[in-house]
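How do the parts of a protein assembly touch one another? Look at the structure below, then read on.

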Amino acid sequence: MILIQNTVKRVTFGDNSSYQNGLLTVSKEELSAAALKNTDGKYAFDIDVCCPGEKTRIVHITDAIKPSYKPDAAAFPGWTEGENKCGQGETVQLENLCLLQTFAYPGIQEGIVDMSGEGAKYSLFSKKINLVMSVKLLDAAIEKPVLAKDLVRMQTQAAEYLASIAKDACEKKIEINNPQPSSLPRVGYAYFVQAQGPLRNVFMYGKECVNMKATYLSPAEIIDGALVSGNYIIACQKNPTIYHQENPVIRYGIANSGKEMDFVGAICATESNLLDGKRESAASITQKALELHCDGMIITQEGGGHADVDLIFTNDALTDAGIRTVVIANEIAGPDGILPPLVSFSSKVDATISTGNNDQVIELDAMDKSIGGDAISNGAHNATDSFKTPLGIMYTATNQLGVSNMTTKAY
Amino acid sequence: MLVKEIERVGIPAVQICTILPIAQTVGANRIVRAIAIPTPVGAPNLPAEEEKALRESIVSKAIRALETEVNGQLTIE
Amino acid sequence: MAKYRVVHYINQFYAGIGGEEQADTGLFCEEGPKGPGMAFKGALGPDFEIVATIYCGDNYAVDHTEQVMPQIIETIRKYNPDLVIAGPAFNAGRYGPMCGAVAKAANEAGFLSVTGMYEENPGVEMYSKYTYIVKTANSAAGMRKAVPAMAALCKKLVAGEEVSPDADGYFKRGKKNVFVDKNGAQRAFEMLMAKLKGEPVVQEIEMPPFEAVEPAAPIKDMKHAKLALVTDAGLTDKTNSFRLESSRASKYVALSIAGMDSLSADDFSANHGGYDNTQANRNPNVIVPLDVVRSFQKAGAFAELEDTIYSTTGNGTSLKNAQSFGAEIANRLLAAHVNGVILTST
């Protein structure tokens with residue numbers, strides 16, 4: 001697969017969309033029209049752009065996505081039009097630009113990005129240009145499952161449209177090769193997603209991952225839009241679509257494959273609602289890891305609480321099968337970081353990476369402007385206020401794929 | 001955590017939950033296995049009669065757990 | 001250069017007044033070092049000066065804490081030190097917590113503080129969060145090692161150098177988020193490669209055990225017992241008039257079920273961010289089995305059902321909040337003469 005990367009340096013709005021030398025001009029009408037396809041006109045948008053360093057707070061974030069376009073196929077198979085040629089051929093992606101969607105609705109939890117000040121430290125989005133589509137619902141009677149799918153449809157269609165503006169540019173070309181076996185140790189990836197129904201879903205090729213059996217995905221497929229997020233629960237510990245597209249385990253794996261190890265790709269599994277389902281996921285991941293002749297596996301989760309059990313069951317099953325493991329997790333360890341950080345553990349867990357403690361309290365600075373709403377979801381603060389909050393409401397702050405450089409340290 | 005605080009004052013308390021390892025790690029004294037996370041004492045895909053019977057069997061186990069002398073941890077699956 | 005000023009807190013024994021028979025000695029302050037302060041003077045070196053030593057009898061300190069503590073802080077303020085040292089207290093069960101309390105109070109008043117204790121001293125659990133407690137042996141025989149270790153930490157602290165529990169030998173105060181030079185995924189690969197080579201790895205997540213609670217005695221006579229229902233499934237009234245949060249709950253709610261034979265979807269709903277609430281909203285008895293419990297009661301399996309269901313949301317809710325809700329609910333259940341509790345969890 002060939003990845004064409006065009007780096008956006010500035011975004012303006014205009015009557016016609018165009019892209020030239022890093023300047024992306026977006027027609028709001030065309031972007032809205034692209035996003036609204038197949039949604040029965042039940043929505044409208046406010047469209048804004050914000051840049052690093054601005055005193056801007058984005059609230060009620062539902063998803064972040066990397067604009068992506070395939071000349072001869074669907075950029076997000078199952079969501080956008082065209083064939084599924086995921087992981088093959090050419091894909092145009094926009095770098096340094098992220099499409100954020102915001103929406104306030106019961107059941108969707110608060111997610112905040114600050115573009116400057118203390119809060120900006122806890123998000124990689126504060127370092128990118130963000131184009132924000134704030135969704136307004138025009139039909140209050142809509143059924144939740146329909147709404148949940150429409151949110152994902154609008155987000156993927158808009159992302160495909162944005163990258164299509166730059167489809168003729170080719171600033172950087174990278175070839176993504178799926179792994180070739182050699183005699184090095186083989187490393188695989190147990191990639192859990194949290195899919196439990198409307199508004200808490202992850203989709204593989206457009207199908208919800210609820211009750212999904214463990215499934216192999218190649219690195220190229222993951223980078224190329226195979227997984228799309230519709231998961232709008234705890235803000236700091238979920239994986240938006242962009243972090244599937246830019247999954248740091250996949251990225252590091254392919255960049256370093258053939259050096260010290262061969263990276264074989266991901267076994268994607270869902271975090272079941274049932275105890276037996278969790279045992280089955282662990283067992284079938286292990287089965288697949290053995291089929292792939294893995295010597296080592298990295299395990300990541302999405303969400304906390306019950307998801308900790310998936311981590312532990314999988315770690316233990318892999319360990320029992322003779323496969324070495326490393327677990328990446330975030331901590332829910334109280335404001336001082338001294339309470340037990342996970343709700344499940346085992347003596348077989350001996351290699352863990354922490355992506356930070358959700359419960360640590362930070363003080364956000366006052367902002368000049370907010371995007372996505374005038375108040376934060378619990379109504380306790382105006383969106384531009386300075387206030388203290390546990391890290392939990394900061395969008396992807398303790399992301400469990402290991403995107404950020406944050407960890408915890410004893411003091 | 002709630003059951004532990006209730007047991008701490010001397011009232012036996014049984015936790016009905018699906019994901020047993022969590023209650024076991026957290027340190028509940030009396031645990032009964034539930035059906036599923038969104039419906040710990042329900043199975044909406046079953047006919048009403050069967051669902052009720054399943055719910056009754058879980059509540060019976062819970063009552064049995066409250067009547068049982070516990071040393072360490074009691075888990076009824 | 002001006003010397004760093006130190007105030008030292010010790011008990012009557014180390015002040016040379018006497019042992020247990022002198023434990024009722026009151027609170028005193030003398031200028032200059034005293035007892036172990038002489039050893040600290042040597043270990044801290046010429047840049048430090050112990051300007052005053054405060055001492056108090058162990059029993060007196062315990063019996064008069066409320067008067068003694070403000071006096072100690074006032075005295076410390078008067079000397080305006082750069083640092084407060086307490087103890088070391090080794091395994092002394094009254095002296096340790098007092099050293100911890102002094103160090104904590106000094107800290108809160110804006111002074112750096114250091115103390116030293118043996119790991120089993122109750123003062124460690126009570127105060128390690130608030131101050132630097134250097135690990136010591138369990139008796140005064142360990143003084144020769146404890147003083148240099150505490151002094152070394154003191155020197156680093158006044159110089160504003162970075163310290164850590166492992167490098168500086170004190171009990172961990174907590175964990176905080178920090179940024180390092182590699183992302184989590186890269187660190188995971190490097191850890192895995194080390195593991196595959198059989199090299200030792202340092203875990204980033206430590207898992208202290210959860211505290212155990214003594215099991216309550218079982219119900220002997222169920223037929224005459226009163227039971228209650230409790231849940232963390234986010235059960236609330238139909239309109240959630242209590243504003244129970246769907247995650248990170250700050251409260252629990254008390255829902256009346258007096259006279260009800262089951263939970264009607266017209267009266268109750270679920271508001272929990274951790275699972276799909278659709279089925280619970282259709283039939284709340286799938287999260288709290290009131291229908292079956294009531295029929296068991298009517299059939300005589302047990303005598304009485306408490307009229308209130310206590311409910312909270314167990315989703316991202318802090319352990320601390322969960323403990324305090326649990327304790328309050330427990331007290332209300334005790335007051336209602338409840339003999340046993342059935343709790344449902346999602």
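This report goes through the contacts between chains, then the inside of chain A. The model is predicted.

**Three interfaces in one table**

The size of an interface is often given as the accessible area lost when the parts come together. Here are those areas, with the salt bridge counts beside them.

| Parts | Buried area | Share from carbon and sulfur | Salt bridges |
|---|---|---|---|
| Chain C and chain A | about 5,300 Å² | 62% | 6 salt bridges |
| Chain B and chain C | about 3,800 Å² | 71% | 2 salt bridges |
| Domain 1 and domain 2 of chain A | about 2,900 Å² | 61% | 3 salt bridges |

**Chain C against chain A**

Start with chains C and A. Their contact takes 51 residues from chain C and 63 residues from chain A. On the chain C side, Asn177(C), Phe189(C) and Ile205(C) supply 15% of the area buried against chain A, more than any other three residues.

Polar contacts are present too: 31 residue pairs between chain C and chain A, counted where both residues reach pLDDT 80 or more. Which elements of chain C supply the touching side? Strand β7 and the helices α8 (184–196) and α11 (319–335) of chain C each give at least two residues. The largest share, 12 residues, comes from α8(C). By class, this side of chain C divides into 20 nonpolar, 14 polar and 17 charged residues.

Side chains of opposite charge can pair when their charged atoms come close. One such pair is Glu260(A) and Lys197(C), which meet in a salt bridge at 2.8 Å, N to O. Another is Lys175(C) with Glu331(A), at 3.2 Å, N to O. That second pair crosses between chains, from strand β7 (residues 175–179) of chain C to strand β21 (residues 324–331) of chain A. Over all chains, the whole structure has 38 salt bridges.

Strands of a sheet pair through backbone hydrogen bonds, either parallel or antiparallel. Strand pairing also links these two chains. Strand β26 (residues 406–410) of chain A and β7(C) run antiparallel, joined by 5 bridges. Within that pairing, Met406(A) has Phe179(C) as its bridge partner.

**Chain B against chain C**

Now turn to chain B. It has 42 residues in contact with 50 residues of chain C. Met1(B), Leu2(B) and Ile11(B) supply 16% of the area that chain B buries here, more than any other three residues.

There are 14 residue pairs in polar contact between chain B and chain C, both residues at pLDDT 80 or more. Four elements of chain B each supply at least two residues of the touching side: α1 (2–8), β1 (13–17), α2 (20–26) and α3 (48–66). Which of them gives the largest share? It is α3(B), with 9 residues. The side of chain B that touches chain C has 22 nonpolar, 9 polar and 11 charged residues.

Arg55(B) forms a salt bridge with Asp291(C), and their closest N and O atoms are 2.7 Å apart. Strands meet as well. β1(B) and strand β14 (residues 340–344) of chain C pair in the parallel sense over 4 bridges. There, Val14(B) stands opposite Ile342(C).

**Inside chain A**

Chain A is divided into domain 1 (2–173) and domain 2 (177–361 + 386–393). Their C-alpha centres lie 25 Å apart. In the contact, 44 residues of domain 1 touch 31 residues of domain 2. Within domain 1, Lys66(A), Cys86(A) and Gln109(A) lose the most area to domain 2, together 16% of what that side buries. Lys66(A) also forms a salt bridge with Glu246(A), at 2.6 Å, N to O.

The two domains share 14 residue pairs in polar contact, both residues at pLDDT 80 or more. Several elements of domain 1 supply at least two residues each to the touching side, including β1 (2–7), β7 (61–65) and α2 (144–165) of chain A. The largest share, 7 residues, comes from α2(A). This side of domain 1 has 21 nonpolar, 14 polar and 9 charged residues.

Chain A also holds an open sheet of 3 strands, in the order β11-β6-β24, with mixed pairing. Its edge strands are β11 (113–114) and β24 (369–371), each pairing on one side only. Strand β6 (residues 56–58) pairs with β24(A) in the parallel sense over 3 bridges. One bridge partner of that pairing is easy to find: Thr56(A) has Lys369(A) as its partner in β24(A).

Terms used. Residues are numbered from 1 along each chain as its sequence is written. Chains are lettered from A and ligands numbered from 1 in the order in which they are written. This is a predicted model: local features need pLDDT of at least 70, side-chain atom pairs count only at pLDDT 80 or more; totals for chains, interfaces and linings use all residues. Side-chain values use heavy atoms; hydrogens and water are left out. Two strands pair if DSSP finds at least two bridges between them. Contact means heavy atoms within 4.5 Å. Buried area is the accessible area (1.4 Å probe) that two parts lose on being put together, summed over both. A salt bridge is a side-chain nitrogen of Lys or Arg within 4 Å of a carboxyl oxygen of Asp or Glu. A polar contact is a pair of N or O atoms within 3.5 Å; within protein, one must be able to donate a hydrogen and the other to accept it, and residues adjacent in sequence count only if both atoms are side-chain atoms. Ala, Val, Leu, Ile, Met, Phe, Trp, Tyr, Cys and Pro count as nonpolar, Asp, Glu, Lys and Arg as charged, and the others, Gly among them, as polar. Domain bounds come from an automatic or database domain assignment.
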